[in-house]
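Q: Pick one part of this model and give me a close look at it, please. I'd like the neighbourhood too, with the pieces tied together rather than listed.

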Amino acid sequence: MLKSRRAFIKSSALAAGALALPAFRLHVRPSFDIVLQGGTFLDGTGGPAWKGDIGIQGEVITGLGSISSEQAKRVVDISGFHVAPGFIDIHSHSDGNILAYSTADSRVRQGVTTELTGNCGSSAAPFVENEEGRRRKERYKEEGIELDWNSVSSYCSRLERDRLSINQALLIGQGTLRSNVVGNVDRELNQDELRAVLASVEAGMDEGAFGVSTGLEYIPGQFTKTDEIVELVRIVARYGGLYASHIRDEEAMLLEAVAEAIEIGRRTGARVEISHLKAAGRPYWKKQRAALDLIESAREGGVNVLADAYPYTAFSTSLTVFLPGWALEGGTSAMLKRLADKQQRTTIRREADRKVSESPGAYDLVAISRVSTAKNQSVVGKHLHAIAAEWKVEPVDALLRLIQEEEGAVGFVGHGISAENVDMVLSHPLVMVGSDGSSMSPVGRAGQSRPHPRSYGAFPRVLGHYCRERKLFDLPTAIKKMTSMPADQIGIRDRGRIARNLKADLVVFDAATIRDEATFDDPHRYPVGIHHVLVNGQFVVENGSHTGAKPGRALRRM
């Protein structure tokens, strides 16, 4: 019995020794494709930061906490850096032109991983080849884009076929729908026309659109009454979608315009987004606080309304915004005929001069950002007062001449927003960050333009200037305004937070150094302090440089 016992002990010791030998070590199969190790995490909810590791398998976050290196195929040390969900730009205008700039350099280099397009009443889809549609098709062609879609579904398929570095979500533009059915006419829709527009909303929502937008300061939004919008938004509400509005007036009638957006939400039950909230023009800056009070009061009364804003004291849009609505009715050809008519031009000239004097307030505050013809390329970056001096005409005549020669396709940057109001709006708990910019890079037609710097720097500017330097809010709050808040407002359920089983859209940045570099004089500059950006689990930006990867998706409402 003693002999047997000794033999057992000996055999057990040999077995233990064998297991300890390297040749017999069990192989642990990696659980993660990528592990980001040693970072400080901001989960997007506004809660405190925490340190740890994050494990990614495929497109999804599958591990959080302390993860050993042996569990990963690839380990990336991010010690000293913060990690946040990829920024979601709730107000983007990358419709269509994302196909010309599929690597979306201006967006991913600032940490944006998802854009909501189709804002301000205009969307790439659905498309109808009427007069304005043909003009748009021709402009796309100049960018090297073949416009070969007609529906939300076929547009999303085109995005996926071309492959993108960033995710795209779409709102249906109410102005686009109305123009598709009746053109840009100033009248109420008859019952058949309204049914056609409503059918387009239903089809677009069925095909994955996230809601409807209006651009009520533009044509044909100006021609659309509240009741007509309510009919569209009721359908959106039934699908659980979003109603986003560039409201009718951001100047003298700001409060009435905010109230209209709120009333549409009250009557339909839809979530409401007031786009790029601002009081434009010095005479109206005092209205900003009251506009925020209206939104607060509506929330307390049960209306699900929020707003977005960009961190700049200048706006940007088309020069035709200074023309009265009647001058734009019927589309570009009709506008050009009116400008060529001496009597009508006199009236248009007077109205345009009045609008510039109100907002932004002077012609030297209106800087041309883009033109479509080579002959006027030299005016890009110059303000209207300087252009008028070169041309030896009055500033208002320089404005009208540019609109004529460019057939309306001329953009500008208007310096007409109060810095104090930007602080007030950005820091408000019901306001998110939205750029109002688009995907581009310093090449092609974009490279010839002088765009608003928000396309390159909006999100780093919030984190660097307004959060770190100005201390308007803490870092978790800033990140929430860029991630979970817009995700919830849009209706994107699988992004916007760091949590298991959500998509691995992530930004790794240095909170101590992140800042925007783009300026109004030199806007094509990338920010600093953003080290890595992952989209659907793949590095699109690595060590500050674009990898060329295109893992983006055309997102569809679930």
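A: What follows is a walk around one helix and then out into its surroundings. This is a predicted model, so local features are taken only at pLDDT of at least 70 and side-chain atom pairs only at pLDDT 80 or more, while totals for chains, interfaces and linings use all residues. Residues are numbered from 1 along each chain as its sequence is written, and side-chain values use heavy atoms, with hydrogens and water left out.

Let's start at α12, residues 342-358, and its partner α11, residues 332-340. (Helices are DSSP runs of H or I with at least four residues, strands are E runs of at least two, and both are numbered from the N terminus.) The two helices pack at about 100 degrees, with 5 Å between their axes; the axes are lines fitted to C-alpha atoms over the stretch in contact, and angles run from 0 to 180 degrees between N-to-C directions. That makes α11 roughly perpendicular to α12, a label for 65 to 115 degrees.

Who touches whom? On the α11 side there are Arg338, Leu339 and Ala340, and they meet Lys342, Gln344, Arg345 and Ile348 of α12, contact being heavy atoms within 4.5 Å. By class, that contact is a mix of three nonpolar, one polar and three charged residues. (Ala, Val, Leu, Ile, Met, Phe, Trp, Tyr, Cys and Pro count as nonpolar, Asp, Glu, Lys and Arg as charged, the others as polar, Gly among them.)

α12 also helps to line a pocket, the second largest in the model, contributing four residues, the largest share of the lining. (A pocket is an open set of points on a 1 Å grid over the protein atoms alone, with protein on both sides within 12 Å along at least five of seven lines; lining residues have an atom within 4 Å of a point.) This pocket has a volume of about 240 Å³. Its lining has 16 residues, and those nearest the centre are Glu217, Gln222, Asp249, Glu251 and Lys355. Charge is well represented here: nine of the lining residues are charged, with five nonpolar and two polar.

Now look at what comes after α12. Serine 359 and proline 360 are joined by a cis peptide bond, with omega about 10 degrees. Proline 360 sits in the loop between α12 and β15, residues 366-370. There's another cis bond to look at, joining isoleucine 219 and proline 220, with omega about 5 degrees. Proline 220 is in the loop between β10 and α7. For context, most peptide bonds are trans.

β10 (211-215) and α7 (226-238) also turn up around another helix, since both pack against the buried residues of α5. The other elements packing there are α3 (131-142), β9 (172-173) and α6 (191-206). Eight of the nine residues of α5 (residues 174-182) are buried, so α5 is largely enclosed by the rest of the structure; buried means under 20% relative accessible area with a 1.4 Å probe, protein chains only. The buried set mixes residue types, including Gln174, Arg178 and Asn180 as well as Leu177 and Val182. Right after α5 comes glycine 183, with a positive phi near 80 degrees.

How values were computed. Buried < 20%, exposed > 50% of the residue type's maximum accessible area, 1.4 Å probe, protein only. Parallel < 35°, antiparallel > 145°, perpendicular 65-115°, else oblique. 1 Å grid on protein atoms, 1.4 Å probe; cavity = no way out; pocket = protein on both sides within 12 Å on 5 of 7 lines; lining within 4 Å. Points joined across faces, edges and corners; volume = space filled by probe spheres on them.
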